[in-house]
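Visitor: I am new to this structure and would like a close look at one part of it. Please pick a place where two helices pack together and take me through it.

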Amino acid sequence: MSWGRRLVRVASPLAALGVWQLLTSLDVNLWLRFEQFPTVVEVASALADRIGTEAYWQDLGHSLRRIALGFLLAAVLGVAAGTAVARSRWAADVLGPLVEVVRPVPAIALVPVAILLLPTNEQGIVFITCAAAFFPVLVSTRHAVRALDPAWEEAVLTLGGGRVRVLFSVVLPGALPGVFGGLSVGIGVAWICVISAEMISGEYGVGYRTWQDYTVVDYPGVFVGMATIGVLGRLTSTAVEALGRRVTAWLPSAAEGGAAGPARPADSASTPTRRTVPADPPSPERPTSPGPGPLTGPAPGAPADSAAARASVAPPVPEKEPVT
């Protein structure tokens, strides 16, 4: 990345913070009301105070644990269900209608279901987090598996591989880019729902603390919670994307020809390769007799009826007798 792009990426949030500080310090009240907004300095001071407390890191640990459990469950179940729906007609007929009916329901709407179904609030929050990330992973995996070229599977079956070998050697590796695309979306949705679930039925966590600050009209504390959520979401999303790039590092990049296969050398052309077979040298015991010159012809595998092949074989030209 060039220094210019890095400078823009650093200057963009700084400029946003500068505009925020200017609007709040001047108490701008046009269509948007900034007179009740805390300033950047007030939020930074509240953040500095919170970082030094044990409660802040305790809330951070609870939220991260819930995200980790719910997201890992969603990743495993989503990849398994998406692969099954894409590969099996029976699974598509059984799970497909259920997925399409439940998928439009917001995960946060499942809070009453989690409260009635699960014995503790902690398990309910993990359940909601898992449900939020499950459907993006499932849909992305399903589309990625269905988009695979069937020629690779046929090649493995022709060489004697079974269905398990096809699954772990062709299907899952080929679908990895799409799977990690769904995981990147799922981690963001998981953060949205875990914070909402903590606000409703949590006892600890960043979302719970943010809601408590709102109820006691501690607006700088609310923005501290929002900033913490944003930073955590950015870090986890970056980690998922970095893992995806590392796992799919064996795939050819766009500069190397994409997924079309390994690049061939530049001197490899589509025309048949010709070879030249030299004639036998004359024997010293016998006189030299006229015979064919060097024989040229197409390499094995080239079409014999092509014009290039016919033109490449030169007929023998006998020497003329001297005129007496």
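Guide: What follows sets out the whole chain briefly, then one pair of helices, then two loop residues.

The model is a predicted one. Its protein chain holds eleven helices and two strands. Read from the N terminus, the order of elements is α-α-α-α-α-α-α-α-α-α-β-β-α, so by the numbering of elements from the N terminus, H8 and H10 both come before the strands. The chain has 324 residues, and 29% of them count as buried. The accessible surface of the chain is about 21400 Å², and carbon and sulfur atoms hold 66% of that area. Among contacts in the chain with a separation of 6 or more, 65% are between residues 24 or more positions apart.

Now the pair itself. Two packed helices are described by the angle between their axes and the distance between the axes. Helix H8 covers residues 163–201, and helix H10 covers residues 219–247. The angle between them is about 165°, and their axes lie 10 Å apart. Because angles over 145 degrees count as roughly antiparallel, H8 is roughly antiparallel to H10. Their crossing is right-handed.

On the H8 side, the contact is made by Leu176, Phe180, Leu183, Ser184, Ile187, Trp191 and Ile195. H10 contributes Ile229, Leu232, Gly233, Thr236, Ser237, Val240, Glu241, Leu243, Gly244 and Val247. Taken by kind, the residues of this contact are eleven nonpolar, five polar and one charged. Gly233 and Gly244 of H10 are among the contact residues, and glycine is counted as polar here.

Next, the loop that leads into H10. Valine 217 lies between helix H9 (206–215) and H10. Its phi is near 60°, which is a positive value in a residue other than glycine. Valine 217 has a relative accessible area of 53%; the cut-off for exposed is over 50%, and therefore valine 217 is exposed.

Another loop residue can be set beside valine 217. Aspartate 27 sits in the loop between helix H1 (3–25) and helix H2 (40–51). Phi of aspartate 27 is near 55°, again positive in a residue that is not glycine. For aspartate 27 the relative accessible area is 44%. Partly exposed covers the range between under 20% and over 50%, so aspartate 27 is partly exposed.

Conventions:
Residues numbered from 1 in each chain as written. Predicted model: local features only at pLDDT ≥ 70, side-chain atom pairs only at ≥ 80, totals over all residues. Heavy atoms only, no water. Axes fitted to C-alpha atoms, helices over the stretch in contact; angles between N-to-C directions. Helix = DSSP H or I, 4+ residues; strand = E, 2+ residues; numbered from the N terminus. Parallel < 35°, antiparallel > 145°, perpendicular 65-115°, else oblique. Left-handed = near helix turned anticlockwise from the far one by under 90°. Contact = heavy atoms within 4.5 Å. Buried < 20%, exposed > 50% of the residue type's maximum accessible area, 1.4 Å probe, protein only. Areas by Shrake-Rupley, 256 points an atom, 1.4 Å probe, with all protein chains shown as cover.
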